[in-house]
Amino acid sequence: MSDPASFSDPWLILLVVVPLLAAPVCVLLRSAGGAWSTATAVSWAVVGIAIKLLITVLDQGQVYYRIGGWDAPWGIEYVLDPVGAVVVVIVAVIGALTMPYAKNSVEKEIRHDRIYLFYAMMLLCLSGLLGITVTGDAFNLFVFLEISSLSSYVLISLGSDRRALTAAFRYLIMGTLGATFYIIGVGLMYQKTGTLNMADLRTIMPAVIDTHTVHAALAFLTVGISLKLALFPLHLWLPNAYTFAPSVVTAFLAATATKVSAYVLLRTIYTIFGEIDLFADFPLKPVLIVMAVAAMFLASLSAIWQQNIKRMMAYSSVAQIGYIVLGFALASEAGLAGGIVHMVNHALMKGTAFFAIGAMVFATGSMTLRDLQGIGRRMPWVTAAFVIAGLGLIGVPLTPGFISKWQLVTAVLELELWPLAALILLSSLLAVIYVWRVFEVAYLRPAPLGHHKPAEVPLSMSMPLWILALATIYAGANATFTLNLAHEAAQQLMGGL
Amino acid sequence: MSWEVVTDLLGLLNYWVVIILMMAGFYVVIAQDNLVKKIVGLNIFQVSVFVFYISMGKVSDGTAPILEEGIEVYSNPLPHVLILTAIVVGVATTALALALVVRINHSYGSIEEDEIQVIEHDEEEIA
């Protein structure tokens, strides 16, 4: 169901189909080099398509594509609006930076005969994440959710530690439960509305909202998506999965997968249930806010005690997801903009942080703080990039984290929720502690004996790292672009209320 | 109890089956320590959703949706087609889960969650 102003664009389907078709090509090539070249070429082509789509969307307002020429709501429709376009660009760019970075990192961390399969899985995951973002059909979203989930289970299990296997297994169980909850929700909605098209659901929903069926659907959808999003307390799969996955996979998933799940939550609340004031009629607002605040505090506290830098950043991710969800749950335009901006900024910061950690793991072979002592002198550039990301996670002025937290605090004050503003600031102090622990180890401690030599990482790893780090700096220094985009997107989403 | 109530409850038989299967499967996933049994539980859980979708599409006295004379009432084919997709996804998930269990068994020598946790805990102590 698209208004006449929108614009049919075949690039929308190519965005998903190109990486989807390239994945089996990687398997057929059966060589690490061939698979790498294919994956890199395809992921950069996807960036091109994504940017082209972003420009079109900013120009036209909305882009759609109808699969097989069937009109919505009967056929499956792909729709892209400004929020979606931003998410698509983030996923595509991180994906494209991951591929060159992966080449050296993967050779060290994954058995040689499995490398071509790794690239096939990366492309499948990329295609699934992009599919989730562009689809306008609730069931089609489930299919892409499973494509991206199944491939990410495989990617995590490729980690060199055997604990990667159990982490992948636990994620598989939790992820499948989450996805199944999601289709139960979709089924219940279909029972009442007879449609799967999100825009169509939106128009029909007010007529059926006062039924137990739809209430149950909302509950199933929220819990299912929260599981995939790793919203506290459904985050238990995340720390181990991020810790034991290959470094590249952690960087890719941390920067994209949770953001896409957050986007699904956004779509559910503000598109499917967009005509209904969910936050007034249901206790969704207090529930989400309490969970978000709990995530901000408890996950940050857990991060402080970690000895493993990867797991520390994983807990930090759970905390940062709290800020994103908090923004969504405020149900005001400013809050929503804050959530969206933090979604973008967190992708940049966590991408940078995990790329830097990956480089440290590459050079030292360890990810415990004890072995990384003095790393700031051995790998000054890599550690500097990590510092940029770390300052951003705290929310120091001139970093992207500051912009999103400022926006969130403004939104909270607008609604006169003073204690919440205090909690946001307090939880940032916890981030100071865990980030400081890394700084102290990196710069103030002497390097372990016999490890004084500067460590080198290949250019293919430091380039993507610094591109992301510079993007982080830029997003912090010149926030007008991201903020304007977020405000525009928030306005559009809130329009239905 | 009047007959109407009884027939109403029996008419919803499919949905009672769905709820029982769903809860049984969910319980098995949570309560069982054996990884293979967890997968069995997950399958039961997913099958309950398949039954749910199939029941949803059924129209009383309806036949298969075929374009032919004499066929006027037919079941809604869309939920049935949707669930074909979900079944395929379920098979893929099960296959991947079993493959992971095989690998876990190779490297830990056990597929019992509690035993694996003890091994992992010890490893963490050493590290």
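## Salt bridges, cysteines and surface of a two-chain model

Being four residues apart in helix 3 of chain A, A:E107 and A:K103 are separated by about one helical turn. Helices here are DSSP runs of H or I with at least four residues, and strands are runs of E with at least two, both numbered from the N terminus. This is a predicted model, in which local features need pLDDT of at least 70 and side-chain atom pairs count only at pLDDT 80 or more, while totals for chains, interfaces and linings use all residues. Residues are numbered from 1 along each chain as its sequence is written, chains are lettered from A and ligands numbered from 1 in the order in which they are written, and side-chain values use heavy atoms, with hydrogens and water left out.

**Salt bridges within chain A**

The side chains of A:E107 and A:K103 meet in a salt bridge, with a distance of 3.7 Å from N to O. A salt bridge is defined as a side-chain nitrogen of Lys or Arg within 4 Å of a carboxyl oxygen of Asp or Glu. Side chains of opposite charge can pair when their charged atoms come close. A:E107 is partly exposed, at a relative accessible area of 46%, and A:K103 is also partly exposed, at 29%. In this report, buried means under 20% relative accessible area, exposed means over 50%, and partly exposed lies in between (1.4 Å probe, protein chains only).

Over all chains, the count comes to nine salt bridges. One of them joins A:D81 and A:R267, at 2.5 Å from N to O. A:D81 lies in the loop between strand 3 (77-80) and helix 3 (82-109) of chain A, and A:R267 lies in helix 10 (residues 247-272) of chain A, so the pair ties together parts that are 186 residues apart in sequence. Both A:D81 and A:R267 are buried.

**The interface between the chains**

In chain A, 34 residues are in contact with 39 residues of chain B, where contact means heavy atoms within 4.5 Å. The two chains bury about 3,300 Å² between them, and 71% of this area is on carbon and sulfur atoms. Buried area is the accessible area (1.4 Å probe) that two parts lose on being put together, summed over both.

Two salt bridges are counted between chain A and chain B. B:E113 forms a salt bridge with A:R170, and the closest N and O atoms are 2.9 Å apart. B:E113 counts as buried, at 11% relative accessibility, whereas A:R170 is partly exposed, with a relative accessible area of 24%. A:R170 and B:E113 also belong to a network of salt bridges that links A:R170, B:K38, B:E113 and B:E120.

**Cysteines**

How many disulfides does the structure hold over all chains? The structure holds zero disulfides. A disulfide is a covalent bond between the sulfur atoms of two cysteines; the criterion used here is a pair of cysteine sulfur atoms within 2.5 Å. The sulfur of A:C26 is 14 Å from the closest cysteine sulfur, which is in A:C125, and this is too far for a bond. A:C26 is buried, at 0% relative accessibility, and A:C125 is buried as well, at 1%.

**Backbone features**

Most residues other than glycine have a negative phi, and most peptide bonds are trans. The peptide bond from A:F232 to A:P233 is cis, with omega near 0°. A:P233 is placed in the loop between helix 8 (212-229) and helix 9 (238-244) of chain A. Two residues with a positive phi, neither of them a glycine, are set out below.

| Residue | Phi | Relative accessible area | Place in chain A |
|---|---|---|---|
| A:L398 | about 75° | 65%, exposed | loop between helix 16 (380-394) and helix 17 (400-414) |
| A:E416 | about 60° | 60%, exposed | loop between helix 17 and helix 18 |

**A nonpolar surface patch**

A:L426, A:L429, A:V432, A:I433, A:W436, A:Y443 and A:L444 make a nonpolar surface patch of about 670 Å². Patches are made of residues with over 30% relative accessible area and no salt bridge; like charges are joined within 9 Å, and nonpolar side chains (Val, Leu, Ile, Met, Phe, Trp, Tyr) within 5 Å. Accessible areas come from the Shrake-Rupley method with a 1.4 Å probe, and for residues only the protein chains shown count as cover. Among the patch residues, A:L429 is placed in helix 18 (residues 418-444) of chain A.
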